[in-house]
Amino acid sequence: MQKLVRYTGANRYGGRDEGVGGDDWVKPSVRTVIEHFAGLTWGDFSNMNGGPFPPHQTHNDGNDADGWFNGYNARDAATAQTIIGHLNDATYGSRILTVYVTYQQANGNAFWEAIRNVTLNDGRQARDVIRPLGGHTTHFHWIVSE
Ligand SMILES: [Zn+2]
């Protein structure tokens with residue numbers, strides 16, 4: 001695998017997980033994507049050499065990032081529009097393979113209603129990229145391609 005590099009931006013939240021060698025480690029090509037987007041703050045990436053990063057199930061290969069933006073926690077239609085904006089970014093939107101968000105695919109759920117029929121600029125369906133997953137009420141999770 002590629003050697004990981006540190007994300008050195010100051011726009012971070014949470015602790016830095018020094019017990020696993022720091023949480024700043026990403027693939028160089030992934031860091032390029034992370035640094036491109038404005039208005040986001042970042043939590044965990046991967047630890048120094050990749051590998052298990054409890055309590056996460058993932059975050060083990062330098063492709064994952066936990067992030068947050070003002071308004072995320074509402075997980076409403078406005079939140080959905082912001083995420084769709086990231087995915088429609090002309091430079092790097094297509095590099096975001098998956099966004100995990102806690103929401104219900106149920107009629108009347110404002111977040112779901114705002115993404116369910118959206119086709120992204122690159123032809124993907126927003127609902128295929130923005131996936132519901134527990135544990136993401138206060139941050140989203142990106143899987144970024146190399
Ligand atoms: Zn995560």
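Q: How far apart, N to O, are the side chains of Asp-122 and Arg-124 where they meet in a salt bridge?
A: A salt bridge is a side-chain nitrogen of Lys or Arg within 4 Å of a carboxyl oxygen of Asp or Glu. Asp-122 is partly exposed, with a relative accessible area of 33%, a class that lies between buried (under 20%) and exposed (over 50%), with a 1.4 Å probe and protein chains only. The side chains of Asp-122 and Arg-124 meet in such a bridge, and the N to O distance is 2.9 Å.

Q: At what pLDDT do side-chain atom pairs count in this model?
A: Residues are numbered from 1 along each chain as its sequence is written, and side-chain values use heavy atoms, with hydrogens and water left out. This is a predicted model in which totals for chains, interfaces and linings use all residues, local features need pLDDT of at least 70, and side-chain atom pairs count only at pLDDT 80 or more.

Q: How many residues apart in sequence are the parts that Glu-146 and Lys-27 tie together?
A: Glu-146 forms a salt bridge with Lys-27, and their closest N and O atoms are 2.6 Å apart. Glu-146 counts as exposed at 52% relative accessibility, whereas Lys-27 counts as buried at 5%. Since Glu-146 lies in the segment after strand E7 and Lys-27 in the loop between strand E2 (25–26) and helix H1 (28–36), the parts that the pair ties together are separated in sequence by 119 residues. Helices (H or I, at least four residues) and strands (E, at least two) are DSSP runs numbered from the N terminus, and the separation asked for is 119 residues.

Q: Is Asp-23, the salt-bridge partner of Arg-16, buried or exposed?
A: Arg-16 and Asp-23 bring their closest N and O atoms to 3.0 Å in a salt bridge, and both belong to a network that also links Arg-6, Arg-12 and Asp-24. Arg-16 counts as partly exposed at 23% relative accessibility, while Asp-23, at 0%, counts as buried.

Q: Which residues are the protein donors of the zinc ion?
A: Donors are N, O and S atoms within 2.8 Å of the metal (3.2 Å for Na, K and Ca), and sites may look incomplete because water is not among the atoms. In sequence the donor residues are spaced H-x6-D-x74-H. His-59 lies in the loop between strand E3 (41–42) and strand E4 (64–68) and His-141 in strand E7 (residues 140–144), so the pair ties together parts that are 82 residues apart in sequence. At 1.9 to 2.2 Å from the zinc ion, the protein donors are His-59 (NE2), Asp-66 (OD) and His-141 (ND1).

Q: What angle lies between the planes of Phe-69 and Phe-140?
A: Rings of Phe, Tyr and Trp (its six-membered ring) pair if their centres lie within 6.5 Å, and planes under 30 degrees apart count as stacked, over 60 as edge-to-face and the rest as tilted. Phe-69 is buried at a relative accessible area of 5%, and Phe-140 is buried at 0%. The two rings form a tilted pair, 5.9 Å centre to centre, and the angle between their planes is 40°.

Q: Which residues is Thr-79 in contact with, leaving aside its neighbours within four places in sequence?
A: Thr-79 is found in helix H2 and is buried, with a relative accessible area of 1%. Contact means heavy atoms within 4.5 Å, and beyond those sequence neighbours Thr-79 is in contact with Phe-69, Gly-71, Tyr-72, Ala-74 and Phe-111.
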